[in-house]
Structure formats: C-alpha cells, structure tokens
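Student: I should like to go through the structure and the contacts it makes. Please show it first.

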Amino acid sequence: MLDVKYLRENLEEAETRLSTRNEAVNLSGFKQCDTRRREILQESETLKALRNKVSAEISRIKDKSQAQDQMAEMREVSQRIKALDDVLRDVEDELQSIMLTTPNIPHATTPVGRSEADNVEIRKWGEIPAYSFEPKPHWEIGENLDILDFERGAKLTGARFTLCKGAGARLERALINFMLDLHTGQHNYLEMLPPFMVNRESMTGTGQLPKFEEDLFGLNGLDYFLIPTAEVPVTNIHRGEILKSSELPLRYTAYTPCFRKEAGSYGKDTRGYIRQHQFNKVELVKFTRPEESYRELELLLNDAEKVLQLLELPYRVIELCTADLGFSAAKTYDIEVWLPSQNTYREISSCSNFEDFQARRAAIRFRENDKAKPEFVHTLNGSGLAVGRTVVAILENFQQADGTVRIPAALRPYMGGMEKIG
RNA sequence: GGAGAGAUGGCCGAGUAGGUCGAAGGCGCUCGCCUGCUAAGCGAGUAUACUGGGAAACCGGUAUCGAGGGUUCGAAUCCCUCUCUCUCCGCCA
C-alpha cells in the first residue's frame, strides 16, 4: 500500500511513475474519495464532540427529567452521526479498495521498460557446460533414472503434480537441508517453519489479496489459503507489531512447499518439473530500517547466489524492468540458472525490496528509540532457492553421457555420500 | 466432536445494578534528583491511528478495553454474531 499522504500531495508524480508498469493504473478515484472522506469525517467528528460534551453535562444532572431537552437534541445528533458514518464507511471502503489494488511505485533505479525484453543483465557466473552428446531435458533424465514420476503424479492429483522417487525424493530433501544449513549457519538467518496455510489478513498483508485470488488455492468452507510462497507467513510473523530498533535487521529463512494455481500460464512449461502446482522452496525474508534496505537487498541476492555457486551451477543475475516488476515490489533481481536442454537461463530465484509497501499493509513498524514515533520497516525477500528448479538444473547440467547424473561435491554429505545418481 | 471459562495499555492486573475510564494499582522503560560502587529511595514522564490548526515545537478533535453489529443522551461495562485462548471429556499423529 502506498502512503495516502504521499498520494495526496504527489498524485501526478505517482501516476507517472506507476505508468511505467505494464498495467493501467487509475488513481482518479483516489482524490475524490480522499477529499470526500475528510469532509464527512470532520462533520461527523464535530458532532461527536458535541455529543460527548452534552452527554457529560447530562451525567451531572441528577434529575434526568431536567435533561429531557438535551437528550432529545442528542437523539437527533446521534441519528445524524449514524447517517454520516454509514456514508463514511462506503467512502472508506472504496478508498481502501483503491489503495489495496494499486501496485508499488518502482524504485528510481529500476530500469524503465515496456516488457521483459527490457530486463537488464547484471552479471553472469560459471562456465556453461559443453557436452560431447546431445543434452537431454530433465524430464527424460528423471524418468530414465526413475526418480521423477510425472504419470503417477498426475494420477494421484492431476496435471502439474509430480511424484519424486528414491534418489529424486532424497535430492529434494538434501537440497532443502543444504540450503537451510547454509543460510542459518553461514548467512545468519533464523530458521522458521510456518503454517502452510494462512488467513485472508496475511494474504492481504503481503499483497496476494485482494487482487490475485485466482492464483491461490483456497480451502473448502474455510477462509484459509494454501501459501504460494513462504514470503506470506514469514513476513506476516510481525504483522501488527512494533519492532525494536536493536533487533533490526531481522533475517528469517524458511522451507515450505508452495501452492500456485498458475492461472494464465496455460501452455507454458507443460512438460517436466519447471512449473508445478506444488513445489518446494527455501525462502529468505528480511525486515530492515528504510535506509539500509537496498544494501540488504544486495546481500540477500548474494546469499541466494551462494547456493548456486556451491552447487557449481552457472547462472546470471538480471534486474527486472518496471514492466516486469511484481505488484508489491519496488526493485527485483531475478537469478536465472542455466538449463542446457533449453539452451537458456531460467528463473530460479527472485529477490525483491518491497520498501514499506507490505509493511504499511501489514502494519509492521519499528521504533528508532524509546521516544521516537513508530516507522514502517522495509521488507525484502528472495528465494534461496526454488528447490524443484534446482533439481532440474542439477539433472540437466550434471548429466553424463552414460545417463547418470553427477552430484556436486557440496551436496554429497546430504545425499549420504552418493556421488552420482544412476 | 461435547461441556465450561476467558480475551483490558510493553507486561501483570483492577474495573460489570452504564455516566469526568484512555482506563486504578504494580512491573518494566525514559529523563532528572539522591546515594562516592551496587541495591534501595524520591520526582516527572511513558499507547496507537485518523483528523483540524501551525514553518516547527506543539495545540485541539475523534476513535480504539479480541473483532463486527445493536440498545442508549451516554457502553470496557447491557444484547447479538464472529474469532482466538485456556480447562475437562471424547478422538487422534
């Protein structure tokens, strides 16, 4: 959510900057609602002040028969207040709806662009492997090794669900543990294991609701949703709280499965393990002071990159342009891992600074000192990493001519010493 | 699933025959005093949001005692709905 006061005073600037996103943003209703709200509010509160004053007078009159005139007068005042408050509620609902569906303003350093083609490559790491044979796509490798079973996944549930078997299941588990150990042991994050379903307030706090309900799996008869990312429960840990300055920045990491309907992605990545309705992810989340959030974003990005470096997987970092930026983000780096079968880089992590956009929605604040007023923190998060796609990258990058898959050295302790699959 | 109890400020905890209650008291915290250390003691202060005025310091108004409605001139106190927590029984990993 944007700052109402900022919008009030800088509406044109806000509209201009929002227009660099690829969705139409219309703030024409904002000014009207905001003005109307304050008019009604003032009238209502003036009447309430009168009512409070007269009610106090009535309370001092012992013989209530002497207060009939005041009581009759206040009866009318109360009716007027109620009518005003009814209108006020409608106006505030509309204003709130505008505020909750308006995306974040891109940071000044986010490159302006018209489509994902305008994303900017920041750096590359690692050598793209050369093969003496035609590299196979991961789904063939997985099926040949009998570690990824797409047919049975579909039988159990449906399309975009996969059964991991044997070394495939072990590989997922090993990666989760490897990533968590790295982030908690080397990067100073605190491990969390949150609920995998959350309520509507949490989904609103991080920005998935009210606008993107069609992307979420809901629950029958309950107003709970399966989380699409650990960002949601972990960021909402501190919803409605005022944090101590001394505890910032807070760094949390969490493994969770993620559930996404993938609405609007029909026809994309229909084969294989890239785009699933359920996938595992280790997430990094930070709560920082405003002035240090962009430094922390770089560090968070480095923490995510470190996973790929230790796993010896080539990748590149790109910076999303304004048109490709997510709803809540002000700035985002994507990490893309090399996939030989596709001869391209594919997203495996997305690291964003949301500034105070989520903090304002979720009322996450901190106090610089005991006398200072509460300020909104900045929230950040990034995948560290998407586990399923890491499996894909390992299978494809480390496939051997004989059909086996080499396990990178850093992962072997987590695989019971196994050096290759197959 | 059945039965009961409860939800008050950073924490603990008063307050229910409706009326100066934003809310006693205690703890904690902040500032000052005192004590040549420590402990104790004394004084003052210590919620948030919205809103009006002001350059600002700050001053005023409104709201908030789990959430949302209702009754009333007036609700932390009465009524209704919901949420959550705790205890007992049942069931279960």
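The questions below concern the surface around the RNA strand and one residue of a helix.

Tutor: This is a predicted model, in which local features need pLDDT of at least 70, side-chain atom pairs count only at pLDDT 80 or more, and totals for chains, interfaces and linings use all residues. Residues are numbered from 1 along each chain as its sequence is written, chains are lettered from A and ligands numbered from 1 in the order written, and side-chain values use heavy atoms, without hydrogens and water.

Student: Which element gives the largest share of the surface near RNA strand B?

Tutor: A residue is near the strand if one of its heavy atoms lies within 4 Å of it; 27 residues surround RNA strand B. Helices (DSSP H or I, at least four residues) and strands (E, at least two) are numbered from the N terminus. The largest share, 12 residues, comes from α3.

Student: At what distance from a phosphate oxygen of RNA strand B is an N or O atom in the side chain of R367?

Tutor: R367 is among the closest residues to RNA strand B. The distance from its side-chain N or O atom to the phosphate oxygen is 2.4 Å.

Student: Does D34 count as buried or exposed?

Tutor: D34 lies in helix α3, and its side chain makes a polar contact (N or O atoms within 3.5 Å, one able to donate a hydrogen and the other to accept it) with the side chain of R8 at 2.7 Å. Buried means under 20% relative accessible area, exposed over 50% and partly exposed in between, with a 1.4 Å probe and protein chains only. Because its relative accessibility is 2%, D34 counts as buried.
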